[in-house]
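Student: Hi! I'm new to this one, could you walk me through it?
Tutor: Sure, ask away once you have it on screen.

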Protein chains: 2
Amino acid sequence: MAATMKDIARRTGLGLATISSYFNGGNVREKNRVKIEEAIEELHYEVNEVARGLKTNATKTIGVVIPELNNTFCAEIITEMEDVLRSHGYATIVCDCRTDKKLERDAVEFLSRKRVDGIINMPVDTEGNHLKKFQKTGKPIVLIDRKIQEISCDSVLVDNEKAAEDAMRVFFQAGHRKIGIIGGPEEISTAQERLQGYRSAYEKENLPVQESLIYHGDYTIQGGVKGLEKLVADNPDMTAVFVTNYEMTMGAVIGVNELALKIPEQLSMIGFDNLQFARACNPKLTIVAQPTPSIAREVAGIMLKRLEEGDAGNTERIAEKLDAEIIMGKSVRAI
Amino acid sequence: MAATMKDIARRTGLGLATISSYFNGGNVREKNRVKIEEAIEELHYEVNEVARGLKTNATKTIGVVIPELNNTFCAEIITEMEDVLRSHGYATIVCDCRTDKKLERDAVEFLSRKRVDGIINMPVDTEGNHLKKFQKTGKPIVLIDRKIQEISCDSVLVDNEKAAEDAMRVFFQAGHRKIGIIGGPEEISTAQERLQGYRSAYEKENLPVQESLIYHGDYTIQGGVKGLEKLVADNPDMTAVFVTNYEMTMGAVIGVNELALKIPEQLSMIGFDNLQFARACNPKLTIVAQPTPSIAREVAGIMLKRLEEGDAGNTERIAEKLDAEIIMGKSVRAI
DNA sequence: GTGAAAGCGCTAACAT
DNA sequence: ATGTTAGCGCTTTCAC
């Protein structure tokens, strides 16, 4: 068995309170400090955080619930977030709910039983039913990427409408008028916003939106393949296509290859996220890149802030909104 | 505060042991079962796994330490593993050590303090120093992908030498003789094995290996870019290149694009992992694909097995070895 | 500054 | 089958 504080107490002849105080930054006489440290060394003592957690009612553990770990956007954010949280002593339990509302709910319940101190969530259920019970515990919730009207909590979002408008402007300035869009699931806020950006861009050009140019995808690779095929089939006069997340971008590129289309000669394209993939495309893809490291750091920062302010969490809800960036490649032809 | 078993005991008039027994599959009189379930419902009771963990000395939590979450191979394995473990009631704490030995050691210590029930590790430190202390606890360790001589524990590996030989055979059969390789870090076992496969393949053809065709990369995208550039520059007569992990494959493709080389007319290529990326390449890339879902399920299965057999872990060490598969594309030209 | 003792929520041994 | 009780390893009053 591992050594306990009792063992240290016995060995040093000190009381439990002194040892505990030593570990919690209290004042301990120099002589005793040395004794304690020797004992720790010899007994290979390590604080038992489970016991501490039971007593303090805090596990120093954050739960993260995301739709797909196996998704660059999510993976990048988690990598960075976990880094920040761990450096503050917090462990991160990641639950991948496979874009399934039922599994998402299960995950939150699971984390709740594990008594995590807070939950970070990129929500699948846009009504937030999965979070309502957890919220009653008063523990902090921070939402990433997608907002939920019904849940009052902090969130870190990207200005998707602006990002989409920016991308569309690139097309318009290059002379494109018939621009297709491979959008996301209609109930997801990011998809709504990106589509809204697409529509506003047309409006600002005083051009009508042609509904056949809009494809509602599902944010998966296969969805991107299908979307591209359908848009191309339905719109012989389409000269460009805007793809609204990374997985579908990969799918659209696969579609282009399998249809043996030439980019940008036959079709111009702007994709989403993952600069490295964009560079690996030939010609290099122009993309909208979301600021994943900033998102991650913002989220982790807000969570840590809420954690340390404790019950005083009556302060205003934070709703950070970050800007995406266009990274130019050679996949848009001037016509 | 959340309800406790005491609250349920009070409300039902039963003793603590009965409630506990109810939750642990013991026999409880039908009448009482109903009463308990009503109380649970009304009080919104949830087992406190922290308290349970303190008592049982088991946290139902597995620690996972990997070099880069932000790496498809790792992400795919973790997704699948976490799924299996969670369905058995285990939480997974993932620590990304950024391919840094120091951070890897920190991660293991962190998990040790968190009292995880076992550790799954894709090791960076090939001497396993980071695991020695944890191993003394007697808790199970399962290694993924890379073996460590000094540590006696279970492992799930891929037959890398065979995988590399298979890939090389594709080149030889297409008539290639001057084949470059972008290998991994020399101290990592997978890299050694893949390189060994490359050498054996040449041997079996009774052809000498030309050292200038060997590049030692670092398993990163940027390393792949550099490797390709150097091999091309140093070997004007090279007709094919074998890239030995996914990140470097992406890098090599970037390199090819930036040098404006034509695949497979000017250079044939076989990459590693990630079928979707291979499909997104034009022409479709031929790749060696590792069986990530099988690896993940094997690892999770072994861990669960060790966990349930408890101290009886004196059984033989398991060393699973799985086969990779070649997925043909159009990136190898017959000459 | 330090020691004694209570108690966090649970499980398990023992008694009934 | 159920109740009583001790104790897992820690923190935290409360004395001294």
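Student: Which residues are closest to DNA strand C?
Tutor: Of the 25 residues that surround DNA strand C, the closest are A:Gly15, A:Asn32, B:Met5, B:Tyr45 and B:Arg52. A residue is near a strand if one of its heavy atoms lies within 4 Å of it. Keep in mind that this is a predicted model, where local features need pLDDT of at least 70, side-chain atom pairs count only at pLDDT 80 or more, and totals for chains, interfaces and linings use all residues. Residues are numbered from 1 along each chain as its sequence is written, chains are lettered from A and ligands numbered from 1 in the order in which they are written, and side-chain values use heavy atoms, with hydrogens and water left out.

Student: What do the atoms of DNA strand C within 4 Å of the protein belong to?
Tutor: Sugar or phosphate accounts for 70% of them, and bases for the rest.

Student: Which base atom is A:Lys55 close to, and how about B:Lys55?
Tutor: A polar side-chain atom of A:Lys55 is 2.9 Å from a base nitrogen of DNA strand C. For B:Lys55, an N or O atom in the side chain lies 3.3 Å from a base oxygen of that strand. Both count as polar contacts, meaning a pair of N or O atoms within 3.5 Å.

Student: Which element gives the largest share of the surface near DNA strand C?
Tutor: That is H4(B), with 4 residues. Helices here are DSSP runs (H or I, at least four residues), numbered from the N terminus.

Student: And by class, how many residues of each kind does that surface have?
Tutor: There are 10 nonpolar, 10 polar and 5 charged residues. Ala, Val, Leu, Ile, Met, Phe, Trp, Tyr, Cys and Pro count as nonpolar, Asp, Glu, Lys and Arg as charged, and the others, Gly among them, as polar.

Student: New topic: at what angle do H1(B) and H3(B) cross?
Tutor: Roughly 125°, with their axes coming within 9 Å. Axes are lines fitted to C-alpha atoms, over the stretch in contact, and angles run from 0 to 180 degrees between N-to-C directions.

Student: So what is that arrangement called?
Tutor: That angle makes H1(B) oblique to H3(B), because angles under 35 degrees count as roughly parallel, over 145 as roughly antiparallel, 65 to 115 as roughly perpendicular and the rest as oblique.

Student: Last one: what is B:Thr72 in contact with?
Tutor: Leaving aside neighbours within four places in sequence, B:Thr72 is in contact (heavy atoms within 4.5 Å) with B:Tyr246, B:Glu247 and B:Asn274. The C-alpha atoms of B:Thr72 and B:Glu247 are 8.4 Å apart, though 175 residues separate them along the chain.

Methods: Polar contact = N/O pair within 3.5 Å; in protein donor to acceptor, adjacent residues only side chain to side chain. Helix = DSSP H or I, 4+ residues; strand = E, 2+ residues; numbered from the N terminus.
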